[in-house]
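Visitor: I am new to this structure and would like to be led through it slowly. Could we look at it together, one question at a time?

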Amino acid sequence: MEIASQAIRLTYTPQQIKIFFSGLAYKYLIITKGRRFGLTQGCAHAFIEYALDGISPMLWVDTINGNIDRYFDRYFIPALKQLDKSQWDFNQSKRLLKINGSIIDFRSADHPESIEGFGYKKIFLNEAGIILKDDYLYSHAILPMLLDYPDSQLIAGGVPKGITKKDGKQHKFYELKQRADAGEKGFMHLGYTSYDNPLLGRSEIDDMIRQMTPAEAQQEIFGEFVDFAGNNPFAVAYNKDVHESELAVDRKSSLNSSHV
């Protein structure tokens, strides 16, 4: 589907339309998806349209700065070239895009200190499954930046990266998804698979699945939360306080000492 806005024409899939133009009423929009679904490109186009409509300021958070540079070159630049150059300017050193006075900041999660300090109307977390492994980043940076505007919105999207983290704590991305599924006010969860991208060939996805384990396909293609933990159920349920004891002794040593 093509949307025209102020002399710019951008194409979206029906799924991208639902995410970026039908979910505006929710403060926390949680998107789980399979690989190559098209979320990044769809958000790049949507952010440009939001900016043209006067929505500002906005924040794009990615995993590393290198990804920001690549996405800007591949997804933003071709669309921005439809506009007169006087309408937009990108400061690469500051990673700041201005479109008709609207501001889009780009920051990376590997430098969390660069994210804190400002309020935003829109915040997009690209690869939220990776970014939200850091509870501190969410609680001390992302949440406070949503306070300044009553109509602010967080769009957290990506391939899930497990129900629990290595430390045994629940993954924040999974927690947000669960709050949305429970019907908590202000939360919405939309889930998609790689098959939901109409631009991808089904046979190519089928072939990829055949090269994966069932658990890998469940996560990477179907966008579901999976706890791998070496496929060991004990590792998932492991609790140091329960499963370790300082009173434990080596049975062989104990038996030998009893015969001395």
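Visitor: At what angle do helix α1 and α2 pack?

Guide: This is a predicted model, and what follows is computed from it. Helix α1 covers residues 14-22, and its axis and that of α2 are 10 Å apart. The crossing of α1 and α2 is right-handed, and the angle at which they pack is about 40°.

Visitor: How are α1 and α2 described in relation to each other, given that angle?

Guide: An angle under 35 degrees would count as roughly parallel, and one of 65 to 115 as roughly perpendicular. The angle of α1 and α2 is about 40°. The two helices are therefore described as oblique.

Visitor: Which residues of α1 make the contact with α2, and how many charged residues does the contact have?

Guide: On the side of α2, the contact is made by Leu 39, Gly 42, Cys 43, Ala 46, Glu 49 and Tyr 50, and on the side of α1 by Gln 16, Ile 19, Phe 20 and Phe 21. Sorted by class, the contact of α1 with α2 has 7 nonpolar and 2 polar residues, and the number of charged residues is 1.

Visitor: Which class has 8 residues in the contact of α2 with α3?

Guide: The axes of α2 and helix α3, residues 65-80, come within 10 Å and cross at roughly 40°, and α2 passes α3 in a right-handed crossing. From α2 the contact takes Thr 40, Gln 41, Ala 44, His 45, Phe 47 and Ile 48, while α3 gives Tyr 71, Tyr 75, Phe 76, Ala 79 and Leu 80. By class, this contact has no charged residues and 3 polar ones, and the class with 8 is nonpolar.

Visitor: Turning to the sheet, which strands stand at its edges?

Guide: The sheet is open and has 8 strands with mixed pairing, in the order β5-β6-β7-β4-β8-β9-β3-β10. A strand at the edge has a single partner, so one of its sides is left without a neighbour in the sheet. The edge strands are β5, residues 88-91, and β10, residues 187-191.

Visitor: In what sense, parallel or antiparallel, do β4 and β8 pair, and which residue is the bridge partner of Trp 60?

Guide: Strand β4 spans residues 58-62 and strand β8 residues 122-126, and they pair over 4 bridges in the parallel sense. The bridge partner of Trp 60 in β8 is Phe 124.

Visitor: What angle does the direction of α2 make with that of β4?

Guide: Helix α2, residues 39-52, packs on the sheet and touches several strands, including β3, β4 and β8. The angle that its direction makes with that of β4 is about 165°.

Visitor: Which residue in the turn of the β5 and β6 hairpin has a positive phi, and which one does so in the hairpin of β6 and β7?

Guide: β5 and β6 pair in the antiparallel sense over 4 bridges, and their hairpin has 4 residues between the strands, with a positive phi of about 50° at Arg 95. β6 and β7 also pair in the antiparallel sense, and their hairpin has 2 residues between the strands. The residues asked for are Arg 95 in the hairpin of β5 and β6, and Asn 100 in that of β6 and β7.

Visitor: What does the salt bridge of Arg 95 and Asp 69 tie together, and how many residues apart are these parts in sequence?

Guide: A search of the whole structure finds 11 salt bridges, and in one of them the side chains of Arg 95 and Asp 69 meet at 3.0 Å, N to O. Arg 95 lies in the loop between β5 and β6 and Asp 69 in helix α3, so the pair ties together parts whose separation in sequence is 26 residues.

Visitor: Where is a cis peptide bond found, and what is its omega?

Guide: Most peptide bonds are trans. Pro 57, in the loop between α2 and β4, is joined to Ser 56 by a cis peptide bond, with an omega of about -5°.

Note on methods:
Residues are numbered from 1 along each chain as its sequence is written. This is a predicted model: local features need pLDDT of at least 70, side-chain atom pairs count only at pLDDT 80 or more; totals for chains, interfaces and linings use all residues. Side-chain values use heavy atoms; hydrogens and water are left out. Two strands pair if DSSP finds at least two bridges between them. Contact means heavy atoms within 4.5 Å. Axes are lines fitted to C-alpha atoms, for helices over the stretch in contact, and angles run from 0 to 180 degrees between N-to-C directions. A crossing is left-handed if the near helix is turned anticlockwise from the far one by less than a right angle, and right-handed if clockwise. Ala, Val, Leu, Ile, Met, Phe, Trp, Tyr, Cys and Pro count as nonpolar, Asp, Glu, Lys and Arg as charged, and the others, Gly among them, as polar. A salt bridge is a side-chain nitrogen of Lys or Arg within 4 Å of a carboxyl oxygen of Asp or Glu. Angles under 35 degrees count as roughly parallel, over 145 as roughly antiparallel, 65 to 115 as roughly perpendicular and the rest as oblique.
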